[in-house]
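Colleague: I've got a new model open on my screen, and I'd like to learn how to read it. Can we go through it one feature at a time?

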Amino acid sequence: MNTKRSKELFEKSLEKIPGGVNSPVRAFRSVGRTPLFIHHAAGSRITDVDGNTFIDYVCSWGPGILGHAHPQVIRAVQEACSRGLTYGAPTENELILAEMICEAMPSVEKVRLVSSGTEAVMSAIRTARGYTGRDYIIKFKGNYHGHSDGLLVKAGSAALTTAVPDSSGVPASYTENTLVALYNDKESVQELMEKYGEKVAAIIVEPVAANMGVVLPENGFLKFLREITKEYGALLIFDEVITGFRLGYGGAQEYFGIHPDMTTMGKIVGGGMPMAAYGGRKEIMDMVSPVGPVYQAGTLSGNPIATTAGIETLKILKAHPEYYREIDEKAAKIAAALEKRGEITGIPVTVNRVGSLLCAFFTDRHVGDYDSATSSDLQAYAAYFGHMLEGGIYVAPSQYEAMFVSAAHSDEDIERTCQVILER
Ligand code: KE4
């Protein structure tokens, strides 16, 4: 594969941009290759600057549920651009999108639009603390909620109770109110709540973990979190930046039938443009400025172009509920091929999947938590990534990400993908 131009651009980018990329996972470091610089994308395909075209299962890390450059979305965005890019004033679009979100997720009675998932989560946590008057937050090892200081933590040496910064530049004082439990481990949550419960503002969880690879909630884990937060007067925050509008039009809360107190969204809700949101019950969201004392603001929040892309994307998804069944069925075929690959190559593969969200782990263990997820053979993953890329299939350049199937992936795409998966 000719990657001459990508290599040239990467070398030059390294001089001006940290790691040559504007988000670390794009650097292909864990798969040991030069990142591909993308020139354009349409439907299920993405084409790099050397003219190599791939069937894309990164889908920009989730937003691309309709595929790239959906004509209806592009037309609407182009028309919106002709009326100006940003006004710094309220627009009807923001009301339309807010109404669509609240209709899709009834647990969300009011919503604030922001520009990234990180901003949505950071603001939701501040609101939860403001509403409850409490300081502690519980998160889960292996869950990622963006890069706000208080969430860049790992379980401290004292097992699960203390969090220590997982990034330099974060003062220890910024993470002392963050507690870390284990995903799918009710006892680890019980232990923290018995010790800190009256001071816990919220438990934040990825209802399907998709940042340690894909790990599904098991044995009523989400129901347990719903109950224990109610018991202690803490809020339950579902971080649906990935699962929102992905597992169904109503997200994970509809899929699993568990209603959180607050929800964060991103990716799909912005249709691929920089837009995210946080919302919840009226009395919680009325804590947010200018109504309440929790300050939060943003120059480009609810941007007219981003809301246009989001509205058109949600309109299409709402009008085509069959897309969710179709992408589920397509993802199931890929999952089956990945499991069969394990039999062919003798390298064990465990596939986790929910709907169109899936991930292959190179381990013979069931993957139901952080420890089993990190038991995957990263060299085997890197080899799999290279094999798929050479076969014209673009999957996540990291074991700890997800594979996304879009409505634009054709039956032929799926067939070709399975064929490459099953090649030695
Ligand atoms: P952003 O700030 O990247 O828009 O969203 C942060 C975020 C919050 N919550 C969840 C559950 C997320 O998955 C993310 C971001 N997801 C990663 C991919 N796993 C974004 C890709 C990247 O970091 O480049």
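Colleague: Let's start with a single residue. What is the relative accessible area of E8, and does that make E8 buried, partly exposed or exposed?

Modeller: One thing before that: this is a predicted model. Now, E8 has a relative accessible area of 31%, so E8 is partly exposed. The cut-offs behind that are under 20% for buried and over 50% for exposed, with partly exposed in between.

Colleague: Which residue does E8 form a salt bridge with?

Modeller: The general idea goes like this. Side chains of opposite charge can pair when their charged atoms come close. In this structure, E8 pairs with K4, and their closest N and O atoms are 2.8 Å apart. K4 counts as exposed, because its relative accessibility is 55%.

Colleague: Where do E8 and K4 sit along the chain?

Modeller: Both are in helix α1, residues 4-16. They are four residues apart there, so about one helical turn separates them.

Colleague: Which helix holds the pair E312 and K315?

Modeller: That pair lies in helix α10, which covers residues 304-319. E312 and K315 are three residues apart, again about one turn of the helix. Their salt bridge has its closest N and O atoms 3.1 Å apart. Check the accessibility too: E312 counts as buried at 11%, while K315 is partly exposed at 41%.

Colleague: What about a salt bridge outside a helix: which residue does D261 pair with?

Modeller: D261 forms a salt bridge with R281, and the closest N and O atoms are 2.5 Å apart. This pair links distant parts of the chain, with the two positions 20 residues apart. D261 is in the loop between α8 (251-256) and β11 (262-265), and R281 is in the loop between β12 (276-280) and α9 (282-285). D261 counts as buried at 7% relative accessibility, whereas R281 is partly exposed at 25%.

Colleague: Which residues are linked with D261 and R281 in a network of salt bridges?

Modeller: R226 and E283 join them, so to speak: the network is made of R226, D261, R281 and E283. Over the whole structure, a search finds 15 salt bridges.

Colleague: Now a charged residue with no partner. How far is E240 from the nearest side chain of opposite charge?

Modeller: That nearest side chain is R246, and it is 10 Å away. A salt bridge needs the nitrogen and the carboxyl oxygen within 4 Å. E240 is buried and has no salt bridge. As for its place, E240 is in strand β10, residues 235-240. Beyond its neighbours within four places in sequence, E240 is in contact with several residues, including P207, G251, T263 and M265.

Colleague: How do I read contacts between residues far apart in sequence? Take S44: how far is its C-alpha atom from that of H409?

Modeller: The idea is to compare the spacing along the chain with the spacing in space. S44 and H409 are 365 residues apart along the chain, and their C-alpha atoms are separated by 5.2 Å. S44 is in the loop between β1 (38-42) and β2 (45-48). With a relative accessible area of 6%, S44 is buried. Leaving out residues up to four places away, S44 touches F54, I55, D56, A408, H409 and D413.

Colleague: And M193: is it buried or exposed?

Modeller: M193 counts as buried, at 0% relative accessibility. M193 is in helix α6, residues 186-196. Residues M193 touches, not counting those up to four places away in sequence, include V200, I203, I228 and Y232. Another one of them is I138, which is 55 residues from M193 in sequence and 9.0 Å away, C-alpha to C-alpha.

Colleague: Let's zoom out. How many helices and strands does the protein have?

Modeller: The protein has 14 helices and 16 strands. Its radius of gyration is 21 Å, close to the 22 Å that the globule rule gives for 424 residues, so the protein is as compact as a globular protein of that length. Buried residues make up 57% of the 424. Of the contacts with a separation of 6 or more, 71% come from residues 24 or more positions apart.

Key:
Residues numbered from 1 in each chain as written. Predicted model: local features only at pLDDT ≥ 70, side-chain atom pairs only at ≥ 80, totals over all residues. Heavy atoms only, no water. Buried < 20%, exposed > 50% of the residue type's maximum accessible area, 1.4 Å probe, protein only. Lys, Arg positive; Asp, Glu negative; His and termini not counted. Contact = heavy atoms within 4.5 Å. Rg over C-alpha atoms; globule rule 2.2 N^0.38 Å.
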